[in-house]
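Here is a short note for a colleague who has not yet looked at this structure. The points go from the whole chain to single residues.

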Amino acid sequence: MNNRAGSFLWNLRQVSTFVPAGRTVRLCPLAFCRPNITYSNWNRRNLLNTFGNKMHSSTRYLFQDALIFKSEGDGCQKKGISTVTVFTVDKLCCPRRLSFDSKHFPVSVNELKKSFHQEASDEDILTKRRKPTLISSKKLSQECNSLSDVLDIFSKAPKFPSSNYFSAMWTVAKRMSEDQKRFEKQLMFNHPAFNQLCEHVMREAKIMYFDNLLFSLHAIVKLGIPQNTLLVQTLLRVVQERINECDEKCLSVLSTILNTMEPCKNVDVLLAGLRMLVDEQVWKIKHVFTLQTVMRSIGKDAPIGLKRKLEMKALKELDQFSVLNCQHMFSVLAAMNHRSIILLNECSKRVTSNIHGCPFKILINILQSCKDLQYINIDLFKGIADYVATTFDIWKLKKVLFLLILFENFGFRPVGLMDLFIKKAADEPGFLNVKSLVGILNVYSSLNHFYKCQTHEFLEVMASALTGSLHHISSENLLNAVCSFCFMNHFPLALINQLLQKDIIDDLLTSGDVERNVHRLHVVAACLKLDDAPCHKDLDLVLPRLPPTTFCPQPKVAAVLSDLLGEGCFSQSVQLPHNYFIDFEIRMDANRTQVLPFSDVDVVTSTDIQRVAVLCVPKSAYCLDSTHPKGYLAMKMRHLKIMGFHVILVNNWEVEKLEMKDAATVLKTEIYSPKALSAADRHLQSTC
């Protein structure tokens, strides 16, 4: 008897050691996945730190971490929050198992098993009652037509996870127009349940699934909640702490979030963590979309080693690229400021071969990215221009104009497309505003493009449209427009008279880009004096002097001219009126059959002397992939001819490739007239 009593008391003492001091649990009707624990002397930090450890400890032993609920009152509270006392078994003081002997224990084994089954059944019922009801963002977005509808549902019966309410609101907002979206956001901020929802999301941030956390942060940012709020900054900090939970899907969402956020301390820290994570997991990424999203988000200042690793991964997955992936690859590389020629060339081939049906916005993005990356692909540019020219009638002229402006940045002259645009703009000038008119004039003057007999009509239409908006145009736009007209040798009187007003000139010389304005005013003044302008021949504008022209010596051309003509038969680096500069000047007889000695006493105005200007021209002075001179070079050649020069263009890049003998042959052909060359050839044959 004593042995049986001793065994029972020992077991009872073991159970009593499992139960620490009492603490209370607040069972909240919000149905969170974990109950809120209220301590007698509680601290929020201790609560967060100890709660997870106490509620998720191991269950290797009988009764270990079992929750024993005991009502504090006799009655049962039907509404509100009920309070119960919880005892937690943290660990066993001794690994010895409890002894239940059927012979020595007052309760039989069968009755004990029956009791255990009954207790297990009661526990299942309790678990089912306390199991949270999850809310689906998809279902919410289908049921609601406004952001306030989502908040109303939350205020009536909040469910876990609260993050899905934000995701549902963003899904609903995407279906709205911009004006409606703006109005609904204001109602959202003023809704009485909005602050409560924000508090719930912050409270659940550490316990919700990581993908839910990221989707909620993405929705919060997209809904326009300010980035410096406690809600956004708290979620950013929690994402930093849990960033190691990222899988490929989460990596894509996190990258998208960082793309849309402004730099701040927490964003910068999170971006650094993302870069480290990508550096480790880049070879595990399976989907091209995720890879491109990550590449877009790592930033232009990312380590070059990481950029090259992502480039190698993209090249490895190149066979998996769809046409859309190839189209987006340009903007992806521009976003990370990485100029991968191999990748760009391969994507250019795919884009060009599948150009038909490509949205105009993507075409614009491709060209803009090429500009940012300083990447030039003639086949790609021609493919885009030909496609737009073929489908010209379906595009708005403003879109085509934007495309032409991008082409002008490369110096690319799509002849067919520009001809179509001239005809359409001349027929329908009403669609153009001042900004568009100035843009059109800049493109056509810069690329020096003329279309047969319709050019004059086109320029008249442009001038007339600008004259109608004369009182609304800014001084700088007026100067740009008049300068473009002068490049194309067209002089609209009303625009020129307005530009030469004293207040307009003073404004240009004191505001904006003054140096650029001064240069353009000098161009206008030179054109009015030299060209066949109908007015202002006696114009004497007092303008600041331009900075001296930087001289780029051409030693190879100088050596060839010395061998060909002899010393003293040409002059180098000649400065002319109207701020023009020529590399070499040669003086010849009127028929260009004989080179005359060069001296200061020569009368340059004599009709018996032909002055020859040799211009050493870089590739950038021509339109892309052609020998068509751009606007400034064409105007300079026109003005040099008016001043009495015969102009010879020497292409620098071609001369550098030639041997001295071949270069001399080329220059000789350009300098002497065909008659002189044929006579020299006949003389050479007679002497042989």
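1. Helices and strands here are DSSP runs, with at least four residues (H or I) for a helix and at least two (E) for a strand, and they are numbered from the N terminus. By that count the chain has 31 helices and eight strands. The model is a predicted one.

2. How much of the chain is buried? Of the 688 residues in the chain, 45% are buried. As for contacts, take those with a separation of 6 or more: 71% of them join residues 24 or more positions apart.

3. The largest nonpolar core holds 171 residues. The residues with the most contacts inside this core are Phe-166, Ile-384, Val-388, Phe-407, Tyr-444 and Met-462. Another core lies apart from it and has 22 residues, including Met-588, Cys-616, Ala-663 and Leu-667.

4. Phe-166 deserves a look within the 171-residue core. Its neighbours within four places in sequence set aside, Phe-166 is in contact with Phe-194, Leu-197, Cys-198, Val-201, Ser-216, Ala-219, Ile-220, Leu-223, Ile-225 and Leu-231.

5. Which way do helices H21 and H22 run relative to each other? The axes of H21 (residues 434-446) and H22 (residues 454-468) cross at roughly 150° and come within 10 Å. Angles over 145 degrees count as roughly antiparallel, and H21 and H22 are therefore roughly antiparallel to each other. Their crossing is left-handed.

6. On the H21 side of this contact are Val-434, Leu-437, Ile-440, Leu-441 and Tyr-444, which meet Phe-458, Leu-459, Met-462, Ala-465 and Leu-466 in H22. By class, the residues of the contact of H21 with H22 are ten nonpolar, no polar and no charged. Tyr-444 and Met-462 also appear among the residues with the most contacts inside the largest nonpolar core.

7. A second helix pair is H16 (residues 341-353) and H18 (residues 378-390), whose axes come within 9 Å and cross at roughly 20°. Angles under 35 degrees count as roughly parallel, so H16 and H18 are roughly parallel to each other. H16 passes H18 in a left-handed crossing.

8. Which residues in H16 and H18 meet? Ser-348, Val-351 and Thr-352 in H16 meet Asp-379, Leu-380 and Gly-383 in H18. The residues of this contact divide into two nonpolar, three polar and one charged.

9. Met-588, one of the residues in the 22-residue core, is placed in strand S6 (residues 580-589). Its relative accessible area is 0%, so Met-588 is buried. Residues up to four places away in sequence not counted, Met-588 touches Thr-593, Gln-594, Val-595, Leu-596, Asp-608, Ile-609, Gln-610, Val-612, Ile-671 and Tyr-672. Phe-570 is 18 residues from Met-588 in sequence, and the two are 10.0 Å apart in space, C-alpha to C-alpha.

10. Is Asp-419, in helix H20 (residues 415-427), buried or exposed? Its relative accessibility is 14%, and residues under 20% count as buried, so Asp-419 is buried. Apart from residues up to four places away in sequence, Asp-419 touches His-449 and Tyr-451. Asp-419 and Ala-389 are 30 residues apart along the chain, and their C-alpha atoms are separated by 9.5 Å.

11. Some backbone geometry should be checked by eye. Most residues other than glycine have a negative phi, and most peptide bonds are trans. A cis peptide bond joins Phe-160 and Pro-161, with omega about -5°. Pro-161 is in the loop between helix H5 (147-156) and helix H6 (163-174).

12. Asn-489 has a phi near 60°, a positive value in a residue other than glycine. Asn-489 lies in the loop between helix H23 (475-487) and helix H24 (493-499). At 37% relative accessibility, Asn-489 counts as partly exposed.

13. Phi is near 60° at Asp-625 too, again a positive value in a residue other than glycine. Where is Asp-625 found? Asp-625 is in the loop between strand S7 (609-617) and helix H28 (631-642). With a relative accessible area of 55%, Asp-625 is exposed.

Conventions. Residues numbered from 1 in each chain as written. Predicted model: local features only at pLDDT ≥ 70, side-chain atom pairs only at ≥ 80, totals over all residues. Heavy atoms only, no water. Axes fitted to C-alpha atoms, helices over the stretch in contact; angles between N-to-C directions. Parallel < 35°, antiparallel > 145°, perpendicular 65-115°, else oblique. Left-handed = near helix turned anticlockwise from the far one by under 90°. Contact = heavy atoms within 4.5 Å. Nonpolar A, V, L, I, M, F, W, Y, C, P; charged D, E, K, R; others polar. Core = buried A, V, L, I, M, F, W, Y, C linked by side-chain atoms within 4.5 Å. Buried < 20%, exposed > 50% of the residue type's maximum accessible area, 1.4 Å probe, protein only.
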